Amino acid sequence: MDEILPLRGYGRRLYSRGFGLAVVDAGRLQRVMVVGSSSTTLLDLGGMGMETQLSIAARPEAVSFDPSRTAVMVIDMQNDFGCRGGMFDRAGLDVAPIAHLVQPISRLLEAARRNALLIVYTRQEHNADLSDAGNEDAPHRIKHKRLNIGAAVVAPNGIQSQILVRDTWNTAIIPELEPQPGDAVISKHRYSAFFETSLDTLLRARRINTLIFTGATTSICVESTVRDATFRDYRCIVLRDCTAELIAADTMRSNHEASLLAIELLFGWTAESEAVIDALSRSAKAG
């Protein structure tokens, strides 16, 4: 028999079956995991309480957010991108800029969890046969061939793995940032976390209107997701010290800075993680 749970902040009923989550009236269901879910659960989703607006310093101007309607996005902080032995490292790229994000993102997530913000992880990953990577003539497949997508490798811990393939060491979240019970994990097979996933359904069910972005890389998966979020009228705040880019990282004008400028001008706001942490801390003390 389905268990019924009242969850504050939702707008409709959801079913959570095993490692899947879906709005009951949502049409075609997509792949999403809620960590800690192990049975079929009917979530009774009630209304929102009083809204609290927290203002933070940002570019190009200060921006505010309601914690109960805000999600922290952790974009692709997975072994393939940020660890030795992962896809980027095997391709000869310096993964240090992504590895350096672990500490500031960890601090932000601690504050977010203390204040009950929704945390959403994404993983870029594919079926083992690459059937969801596009056909042989598809740009996504062509561009990833040089990175050996799908290649069988031995992970640093000695187990068999595959580059950018789901359910392997390569696409697992970096251990220091491992999702916790109640966090959501979105499996995606393109740069944007909105493309053919249930992310939009999940966020709208929670009445989320603001997304705080962390992760990698700034100019590819982060910016792609920010653009798609803006097109769907979500307010996007990208944390400058919690995002990183390997492309042109060693040049005077990096892709990281170019993406932040574009976001500030037309797609949202940028800020420092400390501003968000301080705002959440002040709110918790006031409450």
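When two helices pack against each other, an angle under 35 degrees between them counts as roughly parallel, and I would like to begin with that cut-off, since the first pair of helices I want to show you depends on it. Please keep in mind throughout that what we are looking at is a predicted model.

Let me start with that pair. Two packed helices are described by the angle between their axes and the distance between the axes. Here, helix H7, which covers residues 218-231, packs with helix H8, residues 255-267, at an angle of about 10°, and their axes are 10 Å apart. H7 and H8 are therefore roughly parallel to each other. On the H7 side the contact is made by Thr 218, Ser 219, Glu 223, Val 226, Arg 227, Thr 230 and Phe 231, while H8 contributes Asn 255, His 256, Ser 259, Leu 260, Ile 263, Leu 266 and Phe 267. Sorted by class, this contact of H7 with H8 has 6 nonpolar, 6 polar and 2 charged residues.

One residue of that contact deserves a moment of its own, namely Ser 219, whose place is in helix H7. Is Ser 219 buried or exposed? Its relative accessibility is 16%, so Ser 219 counts as buried, the cut-off for buried being under 20%. Leaving out residues up to four places away in sequence, Ser 219 touches Glu 245, Ile 247, Asn 255 and Ser 259. Ser 219 and Ser 254 are 35 residues apart in sequence, and yet from C-alpha to C-alpha they are 9.6 Å apart in space.

Let me step back now to the whole chain, which has 9 helices and 15 strands. Of its 287 residues, 53% are buried, and the chain exposes about 13300 Å², with carbon and sulfur atoms supplying 52% of that area. If we take the contacts between residues at least 6 apart in sequence, 70% of them join residues at least 24 apart.

Next, consider helix H4, residues 102-114. With 13 residues at 1.5 Å a residue, H4 should span 18 Å, and its end C-alpha atoms are indeed 18 Å apart, so the expected span and the model agree. Which residues of H4 are buried? They are Val 102, Pro 104, Ile 105, Ser 106, Leu 108, Leu 109, Ala 111 and Ala 112. These buried residues pack against several elements, including strand E8 (70-75), strand E9 (118-124), strand E13 (210-216) and helix H9 (273-286). Just after H4 comes Ala 116, which takes a positive phi of about 65°.

That brings me to the backbone. Most residues other than glycine have a negative phi, and most peptide bonds are trans. Asp 76, which is not a glycine, has a positive phi of about 55°, and Asp 76 lies in the loop between E8 and helix H1 (79-82). With a relative accessibility of 0%, Asp 76 counts as buried. Leu 130, also a residue other than glycine, has a positive phi near 60°, and Leu 130 sits in the loop between E9 and helix H5 (139-145). At 10% relative accessibility, Leu 130 counts as buried as well.

As for the peptide bonds, where in the chain do we find a cis bond leading into a proline? The bond from Arg 59 to Pro 60 is cis, with omega near 5°, and Pro 60 is in the loop between strand E6 (54-56) and strand E7 (63-65). A cis bond also joins Ala 216 and Thr 217, where omega is about -10°, and Thr 217 is found in the loop between E13 and H7, which returns us to the helix where we began.

I will finish with two more buried residues. Leu 199 has its place in helix H6, residues 199-205, and its relative accessibility is 0%, so Leu 199 counts as buried. Not counting residues up to four places away in sequence, Leu 199 touches Met 73, Val 120, Ile 186, Ala 193 and Phe 194. Thr 171, by contrast, is found in a loop, the one between strand E11 (160-162) and strand E12 (184-188), and Thr 171 is nonetheless buried, with a relative accessible area of 1%. Leaving aside its neighbours within four places in sequence, Thr 171 is in contact with Gln 78, Asp 80, Arg 123, Gln 124, Glu 125, Leu 164, Val 165 and Arg 166.

Note on methods. Residues numbered from 1 in each chain as written. Predicted model: local features only at pLDDT ≥ 70, side-chain atom pairs only at ≥ 80, totals over all residues. Heavy atoms only, no water. Axes fitted to C-alpha atoms, helices over the stretch in contact; angles between N-to-C directions. Helix = DSSP H or I, 4+ residues; strand = E, 2+ residues; numbered from the N terminus. Parallel < 35°, antiparallel > 145°, perpendicular 65-115°, else oblique. Contact = heavy atoms within 4.5 Å. Nonpolar A, V, L, I, M, F, W, Y, C, P; charged D, E, K, R; others polar. Expected span 1.5 Å × (residues − 1). Buried < 20%, exposed > 50% of the residue type's maximum accessible area, 1.4 Å probe, protein only. Areas by Shrake-Rupley, 256 points an atom, 1.4 Å probe, with all protein chains shown as cover.
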